[in-house]
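Colleague: Got a minute to go through this one with me? Pull it up and I'll fire away.

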Amino acid sequence: MGRLLLQIAAGVAVVIAVFWILSVLVGLLVWLVMVALVIGVVFLGIKMLKTDSQR
């Protein structure tokens, strides 16, 4: 009985660890996308300002 409980606890720990790693990876991906969007908007703004100043 004790060994079965140990195996169940180990299985639960593995599942929690996998979900935690996945959530960390998804969070990092979201942050990367947000940073890329901000950089893109900044570059677009600079480009638009340059075209306006050339007129």
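Colleague: Is Ala13 buried, exposed or partly exposed, and what number goes with that?

Modeller: Ala13 counts as partly exposed, at 44% relative accessibility. Keep in mind that this is a predicted model.

Colleague: Which element is Ala13 found in?

Modeller: Ala13 is found in helix α1.

Colleague: And how far apart are Ala13 and Val33 in space?

Modeller: Going C-alpha to C-alpha, Ala13 and Val33 are 30 Å apart, with their positions 20 residues apart in sequence.

Colleague: Switching topic: how many helices and strands does the protein come to?

Modeller: One helix and zero strands. The radius of gyration is 24 Å, well over the 10 Å that the globule rule gives for 55 residues, so the protein is more spread out than a compact globule.

Colleague: What box do the C-alpha atoms fill?

Modeller: Along the principal axes, they fill roughly 80 × 5 × 5 Å.

Colleague: OK, and what share of the residues count as buried?

Modeller: Of the 55 residues, 0%. The accessible surface comes to about 5,300 Å², and 82% of that belongs to carbon and sulfur atoms.

Colleague: Which residues form the nonpolar patch on the surface?

Modeller: Among them are Val30, Trp31, Met34, Leu37, Val42 and Phe43. Together, the residues of the patch have about 1,200 Å² of accessible area.

Colleague: Let's take Val42. Where is Val42 found, and what is its relative accessible area?

Modeller: Val42 is found in helix α1, which covers residues 2-54. Its relative accessible area is 46%, so Val42 is partly exposed.

Conventions. Residues numbered from 1 in each chain as written. Predicted model: local features only at pLDDT ≥ 70, side-chain atom pairs only at ≥ 80, totals over all residues. Heavy atoms only, no water. Helix = DSSP H or I, 4+ residues; strand = E, 2+ residues; numbered from the N terminus. Rg over C-alpha atoms; globule rule 2.2 N^0.38 Å. Buried < 20%, exposed > 50% of the residue type's maximum accessible area, 1.4 Å probe, protein only. Areas by Shrake-Rupley, 256 points an atom, 1.4 Å probe, with all protein chains shown as cover. Patch = residues over 30% accessible without salt bridge, like charges linked within 9 Å, V, L, I, M, F, W, Y side chains within 5 Å. Salt bridge = Lys/Arg side-chain N within 4 Å of Asp/Glu carboxyl O.
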